[in-house]
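Student: I'd like to practise reading a structure feature by feature. Can we go through one together, with the general idea before each case?

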Amino acid sequence: MRIRRRFGLRQNILLNKLYNVRVAQVAVGEYFGWVGFTNQRSDDQNSVNESGEIVVPLVTLDVLLSDQSPTLLKIDVEGFEKYVLLGADSLLERTAFVYFEAWDEHFKKYGYSFSDIFDFLSKKGFCIVSFSSSQTITKISRDTTIQDCVNLLAYKEICMLTQRTGWRLK
C-alpha cells in the first residue's frame, strides 16, 4: 500500500527550491481586521464567512505588497475579488495586468456584480478581456453577464498584452 503525503505550502516551497516566494498567513481585503473562513475539506469550496470556523488576520494588498510592482496580479478568491481589489488601490497603479476569476454566482454571495469590478478596474485604467485557446482575446463590456466561472484578464496597454502573449484582439 502506498501512503500519500500532503505537503503544506512551506514544504512545497522548500522542496522546489523557490527562494523568491514569501508566505503570509493572512487574508486580503479592503481593510484591516479579522475575517472568518469556512473549513471545508476541499480548499476551493471555502469562503469568507462571518461565522466561519477559522478566523485569520485581514490586511490590504497595498500594505502587504507595498514594496512590490508586479507585472501580473492573480486573484482567485471565490467571489471576494471586489474587496481584494478595493484594498489594492495604490498597488494597481504599479500593476500591468490583473488575472482574476469571475462568476456572477460567486459575486452574489458578497452582494455585488461584475459591473462593480468593471467600474473599479476601468477607473484604474484597465480594460478587461476574455481569451480563448485560439490565442484571441475579446473585450468584455460592463453589462456582461458571467454565467460560468471564467478567468478574465485586465490590462492597461494593448501593445504590451499582444507583445507578451502573441494574442490578437478579436
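Tutor: Sure. Let's begin with charge: Lys and Arg count as positive and Asp and Glu as negative, while His and the chain ends are left out. One more thing before we use that: this is a predicted model.

Student: How many positive and negative side chains does the protein have, and how far apart are the centres of the two sets?

Tutor: There are 21 positive and 20 negative side chains, and the two centres lie 9 Å apart.

Student: What about the overall build?

Tutor: The protein has 6 helices and 9 strands, and its C-alpha atoms fill a box of roughly 50 × 40 × 35 Å along the principal axes. Buried residues make up 37% of the 170 residues. Among contacts with a separation of 6 or more, 66% join residues 24 or more positions apart.

Student: Now the sheet. In which order do the strands of the open sheet come?

Tutor: Read across the 6 strands and you get E4-E5-E8-E6-E7-E9, with mixed pairing. The edges are E4 (72-75) and E9 (168-169), each of which pairs on one side only. Strands E4 and E5 (residues 97-102) run parallel, joined by 4 bridges. For a concrete pair, look at Ile75, whose bridge partner in E5 is Phe100.

Student: How should I read a helix next to all that?

Tutor: Start from the geometry: an α-helix has 3.6 residues a turn, so residues three or four places apart point the same way. Then try H5 (residues 114-123): its buried residues are Phe114, Ser115, Ile117, Phe118, Phe120 and Leu121.

Student: What do the buried residues of H5 pack against?

Tutor: They pack against two helices, H3 and H4 (104-109), and against strands E5, E6 (127-131) and E8 (150-155). After H5 comes Gly125, with a positive phi near 95°.

Student: And positive phi in general?

Tutor: Most residues other than glycine have a negative phi. Two residues here go the other way: Lys17, with phi near 55°, and Glu78, with phi of about 50°.

Student: Where do Lys17 and Glu78 lie?

Tutor: Lys17 is in the loop between H1 (9-15) and E1 (27-28), and Glu78 is in the loop between E4 and H3 (81-86).

Student: Is each of them buried or exposed?

Tutor: Check the relative accessible area: buried means under 20%, exposed over 50%. Lys17 has 57%, so Lys17 is exposed. Glu78 comes in at 14%, so Glu78 counts as buried.

Conventions
Residues numbered from 1 in each chain as written. Predicted model: local features only at pLDDT ≥ 70, side-chain atom pairs only at ≥ 80, totals over all residues. Heavy atoms only, no water. Pairing = 2+ DSSP bridges. Buried < 20%, exposed > 50% of the residue type's maximum accessible area, 1.4 Å probe, protein only. Contact = heavy atoms within 4.5 Å. Charge placed at Lys NZ, Arg CZ, Asp CG, Glu CD.
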